[in-house]
Amino acid sequence: MRKYRVNEIFYSIQGEGAFAGTPAVFVRFSGCNLACPWCDTDHSHAVEMTHDELEDAVRALLKGREGAIVVLTGGEPALQLRDDEPLFQGLPSRICIETNGTLPVPTWVDWVTVSPKNGLSTIVPAPDELKFVFEPEHIPYYLSMEEERCEKSIQPLARKDGTTNLAEALDFVLAHPRFKLSVQLHKIIGVR
Ligand code: SF4
């Protein structure tokens, strides 16, 4: 039987992008096809779960929490999710995926957030949202996406030494108002 490699499942607040501030059940899948230097995901930790175990865990966290969304993230969730094995169908929650945009995403999700990394172009057609971790050397790429008809946000780069490039990201957004500033709200309020 096929199993998913899951890093963690938890209930918290979406801290980034278009749904910032929205209560959400997060499913963080293990493993990624990229290796970004600032990545804060522990790719070594994984629990193997069947389709039913994964669905049961999420349903349990959603119980009595109508209005919460489900966020499939990673790692890179598109490494494990497939069109022929839909998850969470029939749930009243919006099913969102956060992907680096280098792999096809399943068609059964409701909302696709692409966060291109390292200046790599996305192969995902018509995402609902583009979220860029701000790296000044990739500004030409951000500007090439400026006319895309979707939500677009710029998120300051959080370095491992605790500093960020918030000031530069803010300057960029103020100069290019089609982008919003996305700060990591969950870190500011001290939750996961
Ligand atoms: S794409 Fe995301 S999960 Fe993958 S290495 Fe980069 S920051 Fe980490």
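**Strands, core and ligand shell**

Tutor: Isoleucine 154 has leucine 181 of strand 9 opposite it. This is a predicted model: local features need pLDDT of at least 70, side-chain atom pairs count only at pLDDT 80 or more, and totals for chains, interfaces and linings use all residues. Residues are numbered from 1 along each chain as its sequence is written.

Student: What makes strand 8 and strand 9 a pair?

Tutor: Pairing takes at least two DSSP bridges between two strands. Strands are DSSP runs of E with at least two residues, helices are runs of H or I with at least four, and both are numbered from the N terminus. Strand 8 and strand 9 (residues 180-181) have two bridges, in the parallel sense, so they pair.

Student: How is strand 8 linked to strand 9 along the chain?

Tutor: Through helix 3 (residues 166-175), in a right-handed β-α-β crossover. Right-handed means that, with the strands pointing away from the viewer, the path from the first strand over the helix to the second runs clockwise.

Student: How do you know that strand 7 and strand 8 pair?

Tutor: Five bridges join strand 7 (residues 129-133) to strand 8, in the parallel sense. Glutamate 129 has glutamate 151 of strand 8 as its bridge partner. With helix 2 (residues 139-144), strands 7 and 8 make a right-handed β-α-β unit.

Student: Why is strand 8 called largely enclosed?

Tutor: Four of its five residues (151-155) are buried, so the rest of the structure largely encloses strand 8. Buried means 20 or more other C-beta atoms within 10 Å of a residue's own, exposed means 12 or fewer, and partly exposed lies in between; C-beta atoms are placed from the backbone.

Student: Why is leucine 61 called partly exposed or buried?

Tutor: Leucine 61 sits in helix 1. It has 18 other C-beta atoms within 10 Å, so leucine 61 is partly exposed.

Student: Which residues does leucine 61 contact?

Tutor: Ile9, Tyr11 and Val25, leaving aside neighbours within four places in sequence. Contact means C-beta atoms, placed from the backbone, within 7 Å. The C-alpha atoms of leucine 61 and isoleucine 9 are separated by 8.9 Å, with the two residues 52 apart along the chain.

Student: Which residues touch the most other members of the largest nonpolar core?

Tutor: Val25, Val27, Val70, Leu72 and Cys96, out of 33 residues. Strand 2 gives the most to this core, with five residues. A nonpolar core is a set of buried Ala, Val, Leu, Ile, Met, Phe, Trp, Tyr and Cys residues joined through C-beta atoms within 7 Å.

Key:
Contact = placed C-beta atoms within 7 Å.
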